[in-house]
Number of protein chains: 2
Amino acid sequence: EKKRLRWTNLRDMHELYCAGHLFQAAIAYHRSTGEKELLTTAVRFADHIASVFGPGKRRGTPGHPEIEMALVELYRETRKEEYLELAQFFLDQRGYGLIGGSIVLIDHKPFRQLDEIVGHAVRAIYLCCGATDIFMETGERELYETLEKLWKNMVYKRMYVTGGVGSRHAGEAFGDDYELPNRRAYSETCASVANVMWNWRMLLATGESRFTDIMELALYNAALAGISLNGREYFYVNPLADRGRHRRQRWFGCACCPPNIARLLASVPGMIYSTSDNAIWVHLYVASVARIELKGNEVRITQETEYPWDGRIDVTVEPSKDDEFSLYLRIPGWCRAATVNVNGRKVRKSVKPSTYLEISRVWGTGDRVEIELDMPVTLLKSHPYVLNNNYRVAIKRGPVVYCLEQADNPEYDVWNIAIVPETKFTATYEPELLGGVVVIEGNGIGLDISAWNNKLYAEMDEVQVKAIPVKFKAVPYYAWANRSPGPMIVWIQALGFNTLQGGKKLYKA
Amino acid sequence: EKKRLRWTNLRDMHELYCAGHLFQAAIAYHRSTGEKELLTTAVRFADHIASVFGPGKRRGTPGHPEIEMALVELYRETRKEEYLELAQFFLDQRGYGLIGGSIVLIDHKPFRQLDEIVGHAVRAIYLCCGATDIFMETGERELYETLEKLWKNMVYKRMYVTGGVGSRHAGEAFGDDYELPNRRAYSETCASVANVMWNWRMLLATGESRFTDIMELALYNAALAGISLNGREYFYVNPLADRGRHRRQRWFGCACCPPNIARLLASVPGMIYSTSDNAIWVHLYVASVARIELKGNEVRITQETEYPWDGRIDVTVEPSKDDEFSLYLRIPGWCRAATVNVNGRKVRKSVKPSTYLEISRVWGTGDRVEIELDMPVTLLKSHPYVLNNNYRVAIKRGPVVYCLEQADNPEYDVWNIAIVPETKFTATYEPELLGGVVVIEGNGIGLDISAWNNKLYAEMDEVQVKAIPVKFKAVPYYAWANRSPGPMIVWIQALGFNTLQGGKKLYKA
């Protein structure tokens, strides 16, 4: 009889966490099928939890946040205020040492006093998801200000170029500002899923495109890398550089990541569009057909596109009856130049990166929007305090981050390939490769490091590296480790770039 | 009554580990004072352990190695063979899953099958210490070959430039080859102490100077950083780059490091010299007076030197009676040019780095050896696979590794200081600074990174860094974090060095 152990160890036992997942499953099942049985169970369970915890009842907060967002969703489903209040209660109980007071559990400070995103990455972001859900229902300004502060700290200082977060193995936790090791990146798949979930909520709460940018980034890169192309093997940990030892596994002792990535992929269709009072928002560009309810009008929207391999998207709008409403088209943050035509005529608004372009008109069947997002190969560099990325660049095209993998570059260890200012890039769709991807090829330098032999450290004149021209080929990061094991690298050496103002006067190369 | 728990959890309970420390303390106390009481206790305890464990008795091996080297020392002290056999037994029981079979406990493979140094760094190296002690008594070749393999893997691929080892926080463990992050270095103080201990044993086993080089390196840098200049605060973890958050503590919940560094410093006098049949070996240069027994002759040796701040060492040899024997003088691996005079006459042997120079003669009172070790400021670079050290250099002079600390460089964040090929270095002894140290000053470039502002990633043309000439001042790494908190860095940016053969033809700077 383990009943006496119930609710006795909120820190380590995932009772509230599991309850939250059950609620979400019940809601999803009800919405998909109309069946009420599981939802009834969830409500009964939630009522039980509400009878145990709350103001004047038992204090407590979950070691692993999750139930907060589930309770808000259950409130939305049932309109029972006590679920929203219980979500708030669990959020507000944090930071008083009820579960030990540790930073890793984000129990060291009350939520609204946090000024940096810390602790176990999945817990931290799930907590932010719940807090964002609460904000959407309560409109509490202080809560939003904390969320904004944490988001900025994460996105400006603690996030991989892939959208992955939580750089530390120890505690599966966020690191300090700019602490983003590549080879020892933790970047848990679940944390990337959580990053998508949180940014989706922040987007819904604000309508701001910067959140969609991060949502898309994490979706196409850090999260998607979590699953193999055949859909049967998973990464828990997602390094950005490897020697070939790190491979996806069929399952894990703590198997959070496999169902989480499955759930995420199944929920992507729900993140393509959203609606506001008199508008339809297009967040993601995905070849798809959708039927959207807007003021009693069923609007059928078809996207024809090769996105993310190509920046051209043709959108056909077919309302069941002609009506005036706005279409908000996302112009991604990575896109420096975009043109939008409606029925062949160019939209005369300025089109800026990381905005939503509003097109307000009477829409009728067969109206056609043509979006052309300029999608060149770009090189990214990092803030200088990301010490391990100094003199390195990442290749990105559209939302997709690339890597060099040994399988495509048999002649040189990809850790020894460098990009130079003269490097010319070509982007080519290869339908047979890795399920169909655009590869990026270029000419660079291969470094022959054999003189290093068994030395680990050497004086400057002691070892010389030879440079030889090479061609290289990069593939999307998400598709790595699907072929024979070998070295991989995202942040590629960059030689001879002069990024210093005044530098030329100060030193010779 | 906890007696029933005795020896039931060898993996986690440090019973054998504590026993080993007791034996070593008892031996040291006996050797220092002649008192037998503690030694008698140790022998009784060892006899008890030998009555429980061994061939035909209980199987088992300690979760944390230590007792192996203690048992060999107890064998040396008492000449009771069973202690040596028990040390071998514990070593040989490893790798069969008796304590769970994990890599972190080095229980995944029998010791002689190891081909890389893995697992918890202190455990791994203590185990190697014990194995080296066993080898010294048994001469077992296979054991030595394993030790040699593990040493090479550690020194050529898994050791910081400071001599620190065990790069991972998770498991306090060795990382993969070339996995040596700076900011998230673990480099536990105890692991550096262990590194000194192991290399001391390898030196005694072989007489090879490469072991003394690593012993000296770890002693003056990684280990010594573990204790504050006032001797009252300690580092458990020793990063090679920091933003100013990492500070020494007065004590730790798991307080292994403070007594370990204290023990190490107290044992340094015993590592300056050793003897072989008809020779005295000088391993460390330290201003000191020693009396050494050699074939019934008491040889008094005085070293006058400012080492490690200066490469001049005057050695006076005063045997109680004139006699012929060899003096082996260590020529450090870091020293490219050395001269040795005996009574004013230059020794006509070639003097090579990382060797022992044998001077064989009849020594009489007042014989004087003058050693002049060339000790310029050197810049070290790393194997290219230490990705985070690419385009970075470390400053070293003699055995001492330097760092830039904010306290000495108020104008520029030291993370933004770069060394250029034109940088000229001066080395100056400052008696009032940090207890008296040689500082290294030079002219470099200060990078104004303010344009980065809140960006974490940017396209190449999006952000420009301004370069301004600056002077910088470096201090010994071991002395860092003894003043006001601020950024620190060992691996300093190096701009404009052309270390590529053929590179100039292939790219412009």
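How many Å separate the centres of domain 1 of chain A and domain 3 of chain A? I looked this up over C-alpha atoms and got 38 Å. I note that the model is predicted.

**Entry: domains.** I took the division of chain A next. Domain 1 covers 1–92 and domain 2 covers 114–267. Domain 3 follows at 274–373, and domain 4 at 377–506.

**Entry: the interface.** I turned to chain B against chain A. On each side I find 82 residues in contact with the other chain. About 7400 Å² is buried between the two chains. Carbon and sulfur atoms give 59% of that area. In chain B, I list B:Lys381, B:Tyr457 and B:Met460 as the residues that lose the most area to chain A. Together they make up 11% of what the chain B side buries.

**Entry: charges and polar pairs.** I counted 10 salt bridges between chain B and chain A. One that I looked up joins the side chains of A:Arg245 and B:Glu116, at 3.2 Å from N to O. I also have 34 residue pairs in polar contact across this interface, with both residues at pLDDT 80 or more. I then sorted the chain B side that touches chain A: 43 residues are nonpolar, 16 polar and 23 charged.

**Entry: strands across the chains.** Which strand of chain B is joined to strand S18 of chain A? I find S12, residues 377–382. S18 spans residues 457–459 of chain A. Three bridges join the two strands, and they run antiparallel. I checked one position: A:Glu459 stands opposite B:Leu380 in S12(B).

How values were computed:
Residues are numbered from 1 along each chain as its sequence is written. Chains are lettered from A and ligands numbered from 1 in the order in which they are written. This is a predicted model: local features need pLDDT of at least 70, side-chain atom pairs count only at pLDDT 80 or more; totals for chains, interfaces and linings use all residues. Side-chain values use heavy atoms; hydrogens and water are left out. Domain bounds come from an automatic or database domain assignment. Contact means heavy atoms within 4.5 Å. Buried area is the accessible area (1.4 Å probe) that two parts lose on being put together, summed over both. A salt bridge is a side-chain nitrogen of Lys or Arg within 4 Å of a carboxyl oxygen of Asp or Glu. A polar contact is a pair of N or O atoms within 3.5 Å; within protein, one must be able to donate a hydrogen and the other to accept it, and residues adjacent in sequence count only if both atoms are side-chain atoms. Ala, Val, Leu, Ile, Met, Phe, Trp, Tyr, Cys and Pro count as nonpolar, Asp, Glu, Lys and Arg as charged, and the others, Gly among them, as polar. Two strands pair if DSSP finds at least two bridges between them. Helices (H or I, at least four residues) and strands (E, at least two) are DSSP runs, numbered from the N terminus.
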